[in-house]
Amino acid sequence: MYEKTFPNKRYKHTAKFLEKHLSTKETILDLGVPNPFSKIMAEMGYKVKNTKGEDLDVDFSTVQNSTYNAVTAFEIFEHLIAPLNVLQELKANKLVASIPMRLWFAPAYRSKTDKWDRHYHEFEDWQFDWLLEKAGWKIIAKEKFTNPVKKIGIRPLLRLFTHRYYLVYAERIH
């Protein structure tokens, strides 16, 4: 089954959270280009379509013209300068999203080789909750989890017990 394709704890945790909150009968718009986790969602039985790689800070056409029941957004909002805008434009009534949490012992992620693979935001949980509320979403369920790395050092040790990811299931407030 699909569990064999999980490369790490994060995917396994995210899949269980998704199964708990969205039925495979849902049609899902996954924000971001096709990726390993959107493939896993399809293997799990979800009907998934991804956005095309457009700049979601300024181009809302895909989300405005969608007829999906739910939106998933896994580790994408930290890359946007103004995530409030796209969150307000989503037409679906359900949202499952995750973010990497701000770590007090590490700077925001910034790829040295890819100018797009950077984090403009690394949220604390209360900041992400506030963003969702301001955009018209009510959080129904949320979880935090760690994501240890197999390295030696102070930071890898801190990652054993410091929450790194935050998952939410939210519904649109009408």
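Which helix does Asp-129 lie in? Helix H5, and it gets its own point further down. Here are my notes, with the reminder that this is a predicted model.

1. **The overall layout.** The protein chain has 6 helices and 6 strands. Starting at the N terminus, the elements run α-β-α-β-α-β-α-β-α-β-α-β. Of the 174 residues in the chain, 47% are buried. If you look at contacts with a separation of 6 or more, 65% of them come from residues 24 or more positions apart.

2. **The largest nonpolar core.** This core has 27 residues, and the members touching the most other members are Leu-31, Phe-77, Leu-87, Leu-90, Leu-95, Phe-128 and Trp-137. Two or more residues each come from strand E3 (70–74), helix H4 (83–89), strand E4 (94–100), helix H5 (125–134) and strand E6 (165–172). Apart from it there is another core, this one of 19 residues, including Phe-37, Ile-40, Phe-145 and Tyr-165.

3. **Leu-95 up close.** If you want one residue to click on in the largest core, try Leu-95, one of those that touch the most other members. Leaving aside residues up to four places away in sequence, Leu-95 touches Val-71, Leu-87, Leu-90, Leu-132, Trp-137, Val-168, Tyr-169 and Ala-170.

4. **Helix H1 and its two sides.** H1 covers residues 9–21, and its length checks out: 13 residues at 1.5 Å each should span 18 Å, and the end C-alpha atoms sit 19 Å apart, which agrees. The buried residues in H1 are Arg-10, Tyr-11, Thr-14, Ala-15, Phe-17, Leu-18 and His-21. Looking down the axis of H1, they fall within an arc of 165 degrees, so they line one face of the helix. As a rule, an α-helix has 3.6 residues a turn, so residues three or four places apart point the same way. Lys-16 and Lys-20 are exposed, on the face of H1 turned away from the buried side. As for what covers the buried residues of H1, the list includes helix H2 (36–43), E3, E4, strand E5 (137–145) and E6.

5. **Asp-57, a buried acid in a loop.** Asp-57 belongs to the loop between strand E2 (47–50) and helix H3 (61–64). Its relative accessibility is 16%, so Asp-57 counts as buried, the cut-off being under 20%. What does the side chain of Asp-57 reach at 2.8 Å? One partner is the backbone nitrogen of Ile-81. The backbone nitrogen of Ala-82 also lies 2.8 Å from a polar atom of that side chain. Beyond residues up to four places away in sequence, Asp-57 touches Leu-80, Ile-81, Ala-82, Pro-83 and Asn-85.

6. **Asp-129, back to the opening question.** This acid in helix H5 also counts as buried, at 16% relative accessibility. The side chain of Asp-129 makes a polar contact with the side chain of Tyr-166, at 2.5 Å. Not counting residues up to four places away in sequence, Asp-129 touches Ile-139, Lys-142 and Tyr-166.

7. **Glu-75 and its backbone.** Have a look at the loop between E3 and H4, where Glu-75 is found. Most residues other than glycine have a negative phi. Glu-75 has a positive phi of about 50 degrees, although it is not a glycine. At 18% relative accessibility, Glu-75 counts as buried.

8. **The aromatic pairs.** There are 6 aromatic pairs in the structure. One of them is Phe-37 with Phe-74, an edge-to-face pair with 5.1 Å centre to centre and 80 degrees between the planes. Phe-37 is in helix H2 and Phe-74 in strand E3, so this pair ties together parts that are 37 residues apart in sequence. Both Phe-37 and Phe-74 are buried. Trp-126 and Trp-130 form a stacked pair, 6.3 Å centre to centre with 25 degrees between the planes. Both of these tryptophans lie in helix H5, 4 residues apart, about one turn of the helix. Trp-126 is partly exposed, with a relative accessible area of 46%, and Trp-130 is exposed at 52%. Finally, ring pairs link Phe-77, Phe-123, Phe-128 and Tyr-166 into a cluster.

Note on methods:
Residues numbered from 1 in each chain as written. Predicted model: local features only at pLDDT ≥ 70, side-chain atom pairs only at ≥ 80, totals over all residues. Heavy atoms only, no water. Core = buried A, V, L, I, M, F, W, Y, C linked by side-chain atoms within 4.5 Å. Buried < 20%, exposed > 50% of the residue type's maximum accessible area, 1.4 Å probe, protein only. Contact = heavy atoms within 4.5 Å. Polar contact = N/O pair within 3.5 Å; in protein donor to acceptor, adjacent residues only side chain to side chain. Expected span 1.5 Å × (residues − 1). Arc of directions from axis to C-beta. Phe/Tyr/Trp six-rings, centres within 6.5 Å; stacked < 30°, edge-to-face > 60°.
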